[in-house]
Amino acid sequence: IHSKSYESLEETWEVVRRGLGRINTLVQDMLDYSRARVIDRRRVDINSLLLELSATFADDFAKRGIDCKLALDEALQPMMLDADGLEKSLVNLLVNAAEAMPEDRGRIDLRTRLNDEGNTVIEVEDNGSGIPKEVMARIFIPFFTTKGSKGSGLGLAMSKKFIEDMGGRIEVESRPRIGSRCQITLHISAPAPRLGEAPELETQFEI
């Protein structure tokens, strides 16, 4: 009897713990989205950041049967960016891509390149379930989600806010049953200063 009661208590606590975790995540997401953030621009090597994120997600991707491929343009130069905002945005995109994957045959491509204007482009592409046309127009609306109780509906809205706050833009293309591609474009007019260089070389962003 005591053993069964203990097991029941453990199960109940696990449900409560998951519920508290979802509440904490939602509250933090709401704070991150609504607060006026001070943009702390730091020198960011985007290729290195993507390598670090792919390593962070490696175990989870392996368990889900997801193959993550990187194609990074070595011509990219470090940029003065909101490092925290960029990292959170990319994490949101990677989580969304992983959750859209077909079981045991998922693929995520992480790419960087310079476009014709010399701006830095980051792409996160997956072969997941895609986004229906009627949903596409609403994906950046705060609290809109197709994940039910599992999603806060703030992931893409926050990503858009963070990217636009640093002078960039984010675009999403998707085809149902084929996959989605998220593209971040970061506008830059000068290279980030190296350690020890004069502060007047600090990057300026186009809005």
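**View 1. E123 and R181 form a salt bridge.** In this predicted model, the closest N and O atoms of the E123–R181 pair are 3.0 Å apart. E123 lies in strand β5 and R181 in strand β7 (residues 179–186), so this salt bridge ties together parts that are 58 residues apart in sequence. Have a look at how hidden the partners are: E123 counts as buried, at 7% relative accessibility, and R181 is buried with a relative accessible area of 18%.

**View 2. E123 also forms a salt bridge with R113.** Here the closest N and O atoms are 3.2 Å apart. R113 sits in strand β4 (residues 106–114) and E123 in strand β5 (residues 120–126), with their positions 10 residues apart in the chain. R113 is partly exposed, with a relative accessible area of 32%.

**View 3. R181 pairs with E173 as well.** The closest N and O atoms of this salt bridge are 2.7 Å apart. E173 is partly exposed, at 47% relative accessibility. Now step back to the network: salt bridges link R107, D109, R111, R113, E123, E125, E173 and R181. The structure as a whole holds 14 salt bridges.

**View 4. The largest nonpolar core has 35 residues.** Which members touch the most others? They are I46, L86, L90 and I108. Helix α3 (residues 83–99) gives the most to this core, with 7 residues. In soluble globular proteins, nonpolar side chains tend to be buried together.

**View 5. L86 and its contacts.** Setting aside neighbours within four places in sequence, you can find L86 in contact with V44, I46, L49, L81, I122, I163 and M166.

Definitions and conventions: Residues are numbered from 1 along each chain as its sequence is written. This is a predicted model: local features need pLDDT of at least 70, side-chain atom pairs count only at pLDDT 80 or more; totals for chains, interfaces and linings use all residues. Side-chain values use heavy atoms; hydrogens and water are left out. A nonpolar core is a set of buried Ala, Val, Leu, Ile, Met, Phe, Trp, Tyr and Cys residues joined through side-chain atoms within 4.5 Å. Buried means under 20% relative accessible area, exposed over 50%, partly exposed in between (1.4 Å probe, protein chains only). Helices (H or I, at least four residues) and strands (E, at least two) are DSSP runs, numbered from the N terminus. Contact means heavy atoms within 4.5 Å. A salt bridge is a side-chain nitrogen of Lys or Arg within 4 Å of a carboxyl oxygen of Asp or Glu.
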